[in-house]
Amino acid sequence: MNPRFLPAVSEPIYLVISREQINECDISGPLRVLRQLQGNPEKAVAACGRISLVIDGYNKDPRELFEIPEVRRFIKELDAMWPYWFFFLSQADDSIKVIESCLCDSIEVVPGVTSIDSGQLQNCLSRHFSAMNNYCESLRLPESKIQEISEGIISLIDNAAVERIEGDDYQ
């Protein structure tokens, strides 16, 4: 296991969002938690890369989270108020992928393979990297730490990318 994932795996912080919150588009609870973490530099640094996003109440729904309009709307509302995902979210799970796929036009091309609109993804990545960089600078984190977080996110996105699918299953 990559050592930088150890805190996210051994001591994750779960941000649980309920179906009820999503259906009501009530971002106040999660936003309050996220802002409290962000507002306390010591807690923020301790939480860096450890938050796992848990969207509860859709386990029996066969759709991917990005295919559920209420989930997409909720994530977009929350993201509009709080763009610091890259600093706080775990790189050891799918939390970042869930956020990005909900913010961009996405389709499941074959089971387990999602196609995300590349232009929208670039805009989201740019916004989230900018927010992360500004926040890291406000915390006066060393450039090496900022680079480590950034490289991890780039690697996560690159590893999720599929250049081309061949075969009869792709249409």
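## The end of helix α8

Helix α8 is followed by R140, a residue whose phi is positive, near 60°. This residue sits in the loop between α8 and α9, and in this predicted model R140 counts as exposed, because its relative accessibility is 75%. Most residues other than glycine have a negative phi. R140 is not a glycine, and yet its phi is positive, at about 60°.

A second residue can be set beside it. C25 is not a glycine either, although its phi is positive, at about 50°, and C25 is found in the loop between α2 (19–23) and α3.

## The overall layout

The protein contains 9 helices and 4 strands, and when the chain is followed from the N terminus, these elements come in the order α-β-α-α-α-β-α-α-α-β-β-α-α. Of the 171 residues in the protein, 41% are buried. The accessible surface amounts to about 9,800 Å², and carbon and sulfur atoms account for 47% of that surface.

How much of the contact network joins residues at least 24 apart in sequence? Among the contacts between residues at least 6 apart, the share that joins residues at least 24 apart is 73%.

## Two sides of helix α8

Helix α8 has 21 residues, and from its first C-alpha to its last it reaches 30 Å, which is close to the 30 Å expected at 1.5 Å a residue. Its buried residues are L121, C124, L125, H128, F129, A131, M132, Y135 and C136. Because these buried residues cover an arc of only 165° around the axis, they are on the same side of α8. The other side of α8 carries the exposed residues Q122, N123, E137 and S138.

A general feature of helices is useful to keep in mind when reading such a pattern: an α-helix has 3.6 residues a turn, so residues three or four places apart point the same way.

## The nonpolar core

In soluble globular proteins, nonpolar side chains tend to be buried together. In this model the largest nonpolar core has 48 residues, and the residues with the most contacts inside this core are I75, F87, F88 and M132. Helix α8, which spans residues 118–138, gives the most to the core, with 8 residues.

M132, one of the buried residues of α8, touches F86, F87, I146, I149, S150 and I153 when residues up to four places away in sequence are not counted. One of these partners, S150, lies in helix α9, which covers residues 143–160. S150 counts as buried because its relative accessibility is 14%, under the cut-off of 20%. With residues up to four places away again left out, S150 touches F129, M132 and N133.

## Helix α3 and the surroundings of L34

Helix α3 (residues 28–39) has 12 residues, and the distance from its first C-alpha to its last is 16 Å, close to the 16 Å expected at 1.5 Å a residue. The buried residues of α3 are G29, P30, L31, L34 and L37.

L34, which has its place in helix α3, counts as buried because its relative accessibility is 2%. Once its neighbours within four places in sequence are left aside, L34 is in contact with L15, I51, L78, W82 and W85. The pair of L34 and W85 shows how the chain brings together parts of its sequence, since these two residues are 51 residues apart in sequence and 9.5 Å apart in space, C-alpha to C-alpha.

## Cysteines and a buried arginine

How many disulfides does a search of the whole structure find? The search finds 0 disulfides. C124 is accordingly in no disulfide, and the nearest cysteine sulfur, that of C104, is 3.7 Å away. This pair does not count as a disulfide because the two sulfur atoms would have to be within 2.5 Å. C124 is also buried, with a relative accessible area of 13%.

C104 appears again among the contacts of R72, a residue in helix α5 (residues 69–81). Is R72 buried or exposed? R72 counts as buried, because its relative accessibility is 13%. Leaving aside its neighbours within four places in sequence, R72 is in contact with F66, S101, C102, C104, D105 and S106.

Methods
Residues numbered from 1 in each chain as written. Predicted model: local features only at pLDDT ≥ 70, side-chain atom pairs only at ≥ 80, totals over all residues. Heavy atoms only, no water. Helix = DSSP H or I, 4+ residues; strand = E, 2+ residues; numbered from the N terminus. Buried < 20%, exposed > 50% of the residue type's maximum accessible area, 1.4 Å probe, protein only. Contact = heavy atoms within 4.5 Å. Areas by Shrake-Rupley, 256 points an atom, 1.4 Å probe, with all protein chains shown as cover. Core = buried A, V, L, I, M, F, W, Y, C linked by side-chain atoms within 4.5 Å. Expected span 1.5 Å × (residues − 1). Arc of directions from axis to C-beta.
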